[in-house]
Amino acid sequence: MRVLLTGGAGYIGSHTAIALIAHGHEPVVLDDLSNASAEAVRRASELAGREIPLVVGDAGDRELVGRLLAEHRIEAVIHFAGRKAVGESVAKPLEYYRVNVGSAVATLEAMAEHGVRRFVFSSSATVYEQPGPDLREDAPVGIALENPYGRTKAMIEAVVADAAAADPALEAAVLRYFNPIGAHESGRIGEDPHGIPNNLAPFIAQVASGERERLRIFGDDYPTADGTGVRDYIHVVDLAEGHVAALEALEPGVLTVNLGTGRGASVREVLAAFEAAVGRALPHEVVARRPGDAAVSTADPSLAHERLGWRAARSLEDAAADAWRWQSANPRGYRG
Ligand code: WQD
């Protein structure tokens with residue numbers, strides 16, 4: 001299928017573009033490059049052995065999206081576009097609502113105008129009101145969450161549900177990512193956070209490459225085996241494969257699935273996996289808990305396996321080795 005990837009130059013989008021081509025699809029990327037690089041799309045094209053067209057523009061621009069749907073005879077849309085920094089969303093809520101919810105609504109409107117009925121949405125485990133182990137898709141989701149970022153994802157899920165109720169021909173999948181980690185095995189593309197990384201894995205990778213002095217472990221007094229926070233880290237290439245499986249399983253209505261491994265790993269276990277990949281100990285210290293963090297958040301991934309025939313295949317060790325290969329070859333990401 002000819003697939004438009006809004007926000008497709010980003011970490012998940014660039015890996016998904018490669019997976020789509022490997023499965024015979026033809027991705028086109030729309031990205032405003034506010035938090036991504038055209039170099040990622042160039043390298044993804046190289047790796048995929050096929051040119052991935054990049055249009056630089058705003059997924060919130062309904063006219064532009066409509067033009068792209070027509071010009072490229074798009075048959076499906078995977079919507080990645082959006083801001084994703086939890087802390088930043090608290091400081092800039094209106095920008096998050098405008099960009100995240102606004103771009104989803106504009107994209108869905110352009111799709112309705114042009115008769116494009118297949119939609120895959122990049123959601124997040126952040127939508128679950130009560131994080132915990134083995135989260136199922138029917139666990140409570142709400143907007144009474146800790147932060148505007150999570151609320152925008154929950155709101156967009158509601159927008160998709162209402163759009164599908166109004167148009168029975170809409171075929172939608174909502175993918176709730178747990179914690180994406182790792183990089184393409186080539187080391188040519190990977191996670192390239194702008195500024196100080198909020199997330200654990202890219203921060204550790206930057207400690208390993210010397211960009212950051214030491215890892216600060218946010219609390220070791222959680223009710224977990226080693227006292228540090230436990231999350232469900234899913235290799236970004238497994239995540240990309242999950243998008244292809246969801247696209248190919250689309251049918252009328254909305255299918256919501258977790259994309260996770262079902263396995264938890266603590267901060268110390270992630271650190272150990274990186275130290276094994278790097279071949280040396282990495283400097284770290286325990287500091288106070290980060291406000292809003294949960295002790296445990298892991299997926300029950302069985303519905304994705306049942307409905308998509310997909311499950312995560314790569315390990316935490318694979319992800320740490322792949323992330324280190326990317327970081328060591330590109331210590332300043334795509335900025336060279
Ligand atoms: C993981 C663990 C921290 C950094 C966030 C978003 C979520 C999703 C994934 C987009 C926790 C600990 C972290 C550090 C640490 N993003 N940690 N030191 O918070 O599970 O989820 O990213 O959808 O929406 O909320 O991921 O990587 O920030 O933290 O000790 O420097 O690592 O306390 O236990 P999180 P994270």
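Does R176 count as buried or exposed, and at what relative accessibility? R176 counts as buried, at 5% relative accessibility. The points below set this residue in the context of the chain, in a model that is predicted.

1. Overall make-up. The protein chain contains eleven helices and 14 strands. Its radius of gyration is 19 Å, close to the 20 Å that the globule rule gives for 336 residues, so the chain is as compact as a globular protein of that length. The C-alpha trace spans about 55 × 40 × 40 Å along its principal axes.

2. Burial and surface. Of the 336 residues in the protein chain, 54% count as buried. The chain exposes about 13,900 Å², and carbon and sulfur atoms supply 49% of that area.

3. Contacts along the sequence. Take the contacts in the protein chain between residues at least 6 apart in sequence: 79% of them join residues at least 24 apart. Several of the pairs described below can be read with this figure in mind.

4. Charges. The protein chain carries 33 positive and 46 negative charges, and the mean positions of the two sets are 4 Å apart. The count of salt bridges comes to 22. Points 5 to 8 deal with some of them.

5. The pair R176 and E157. The side chains of these two residues meet in a salt bridge, at 2.6 Å from N to O. R176 lies in strand 6 (residues 171–177) and E157 in helix 6 (residues 148–166), so the pair ties together parts that are 19 residues apart in sequence. R176 counts as buried, as said at the start. E157 also counts as buried, with a relative accessibility of 10%. The cut-off for buried is under 20% relative accessible area.

6. The pair E109 and R62. A salt bridge joins E109 to R62, with the closest N and O atoms 3.2 Å apart. The pair links distant parts of the chain, since E109 is in helix 5 (residues 93–113) and R62 is in helix 3 (residues 62–71), 47 residues apart. E109 is partly exposed, with a relative accessible area of 35%. R62 is partly exposed as well, at 33%.

7. The pair E213 and R214. The side chains of E213 and R214 form a salt bridge at 3.5 Å, N to O. E213 is exposed, with a relative accessible area of 62%, whereas R214 is partly exposed, at 34%.

8. A network. Salt bridges also link E39, R42, R43, E46 and R188 in a network.

9. V3. This residue is placed in strand 1 (residues 2–6). V3 counts as buried, at 0% relative accessibility. V3 and V77 are 74 residues apart in sequence, yet their C-alpha atoms are 5.4 Å apart in space. Leaving aside neighbours within four places in sequence, V3 is in contact with L20, H25, E26, P27, V28, I74, A76, V77, I78 and L247.

10. L145. The loop between strand 5 (118–124) and helix 6 holds L145. L145 is buried, with a relative accessible area of 11%. The residues that L145 touches, not counting those up to four places away in sequence, are T126, V127, Y128, E129, G150, R151 and A154. The C-alpha atoms of L145 and Q130 are separated by 9.0 Å, and the two residues are 15 residues apart along the chain.

11. L33. Which backbone feature of L33 deserves a check, given that L33 is not a glycine? L33 has a positive phi, of about 60 degrees. L33 is found in the loop between strand 2 (26–31) and helix 2 (38–48). At 26% relative accessibility, L33 counts as partly exposed.

12. R73. A positive phi also appears at R73, about 50 degrees, although R73 is not a glycine. R73 lies in the loop between helix 3 and strand 4 (76–79). R73 counts as exposed, at 55% relative accessibility.

Terms used
Residues numbered from 1 in each chain as written. Predicted model: local features only at pLDDT ≥ 70, side-chain atom pairs only at ≥ 80, totals over all residues. Heavy atoms only, no water. Helix = DSSP H or I, 4+ residues; strand = E, 2+ residues; numbered from the N terminus. Rg over C-alpha atoms; globule rule 2.2 N^0.38 Å. Buried < 20%, exposed > 50% of the residue type's maximum accessible area, 1.4 Å probe, protein only. Contact = heavy atoms within 4.5 Å. Areas by Shrake-Rupley, 256 points an atom, 1.4 Å probe, with all protein chains shown as cover. Lys, Arg positive; Asp, Glu negative; His and termini not counted. Charge placed at Lys NZ, Arg CZ, Asp CG, Glu CD. Salt bridge = Lys/Arg side-chain N within 4 Å of Asp/Glu carboxyl O.
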